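Open your viewer and follow along, one selection at a time. We will begin with the whole protein and then zoom in on a pair of helices and a pocket.

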Amino acid sequence: MALPLLNTPEFETNLPSTGQTIKFRPFLVKEEKILFMALQGGDTKEMANAVNNILGACVLNEGFDTSKLALFDIEYLFLKLRGKSVGEQIDLKVRHTNSDCNHATEVSINIDEVNVIFPEDYTDRIQLTDQVGVQMRAPGLKQTSGATNNDMSFENVLNLICDCVVCIYDQDNVYESFTKEEIVQFIEGLNQQQFAKVQEFFVNTPKLKHTISWKCPKCGEDDQVTIEGLNNFFM
């Protein structure tokens, strides 16, 4: 005799970038196992693969593809999924950034209070000259999963930029079809001021961000810290 099937609830949330409604179910024990193993390993790529696999299993929208989403959308969506699966409260330990007191204070944050913050001047269109501009997309999981401060060589930065170019445009045309060699040649042909504008786009990319305020029980000092990115919500 077959064992009875358990009903799994469904929830909805909206992507910060587009407002698209996403339907999802909580992750089950099998998905929690994937996450637990990735957290134990502590490897950025393993964590990215775990997030990708869990979202692929739990998001119910037909044709859902994480490769088409910005990283901040993925992080926001995963955090909402985690909240409905494990609970809305996350317990963290925080320390002073500028103090002789090194006490670790336990704090709790509510996932529902965590949002993606968009800079006021954020835009995906960069005007390089009076006639020529470039439209960018925010980097996704693929572009950022292996990035660390140690491997951000010029070649890696160049590859990241090229992967995020949507199109080039001028007064008469929009150029959406190009080879990797053509876009590399285009980016390498920018002057320093133009290249700085492109780099600034990545600095101003929206981020999953939350500010925590607390009073240290050891020294009595009031302090606050801002955490960014999915990894920091599981530190």
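Start with the cartoon view of this predicted model: seven helices and eleven strands make up its secondary structure. Drawn along the principal axes, a box around the C-alpha atoms would be roughly 65 × 60 × 30 Å. If you colour by burial, 37% of the 235 residues count as buried. For contacts with a separation of 6 or more, 61% join residues that are 24 or more positions apart.

**First stop: two helices that cross**

Now select residues 154-163, which form helix 5, together with residues 192-203, which form helix 7. How do their axes cross? They come within 11 Å of each other, at an angle of roughly 75°. Angles of 65 to 115 degrees count as roughly perpendicular, so helix 5 is roughly perpendicular to helix 7. Show side chains next: helix 5 brings Phe154, Val157, Leu160 and Ile161 to the contact, and helix 7 brings Phe195, Val198 and Phe202. These seven residues are nonpolar, with no polar and no charged residue in the contact.

**Second stop: a pocket**

Turn on the surface and go to the second largest pocket, which holds about 360 Å³ of space. To find its centre, select Lys68, Leu69, Ala70, Arg137 and Ala138, the nearest to it among the 21 lining residues. Then highlight helix 3 (71-85) and helix 4 (141-144), the elements that each give two or more residues to the lining. What mix of residues lines this pocket? Colour the lining by type and you will find ten nonpolar, six polar and five charged residues.

Technical notes: Residues are numbered from 1 along each chain as its sequence is written. This is a predicted model: local features need pLDDT of at least 70, side-chain atom pairs count only at pLDDT 80 or more; totals for chains, interfaces and linings use all residues. Side-chain values use heavy atoms; hydrogens and water are left out. Axes are lines fitted to C-alpha atoms, for helices over the stretch in contact, and angles run from 0 to 180 degrees between N-to-C directions. Helices (H or I, at least four residues) and strands (E, at least two) are DSSP runs, numbered from the N terminus. Angles under 35 degrees count as roughly parallel, over 145 as roughly antiparallel, 65 to 115 as roughly perpendicular and the rest as oblique. Contact means heavy atoms within 4.5 Å. Ala, Val, Leu, Ile, Met, Phe, Trp, Tyr, Cys and Pro count as nonpolar, Asp, Glu, Lys and Arg as charged, and the others, Gly among them, as polar. On a 1 Å grid over the protein atoms alone, a cavity is a set of points where a 1.4 Å probe fits but cannot get out, and a pocket is an open set with protein on both sides within 12 Å along at least five of seven lines; lining residues have an atom within 4 Å of a point. Grid points are joined across faces, edges and corners, and a volume is the space filled by probe spheres set on the points. Buried means under 20% relative accessible area, exposed over 50%, partly exposed in between (1.4 Å probe, protein chains only).
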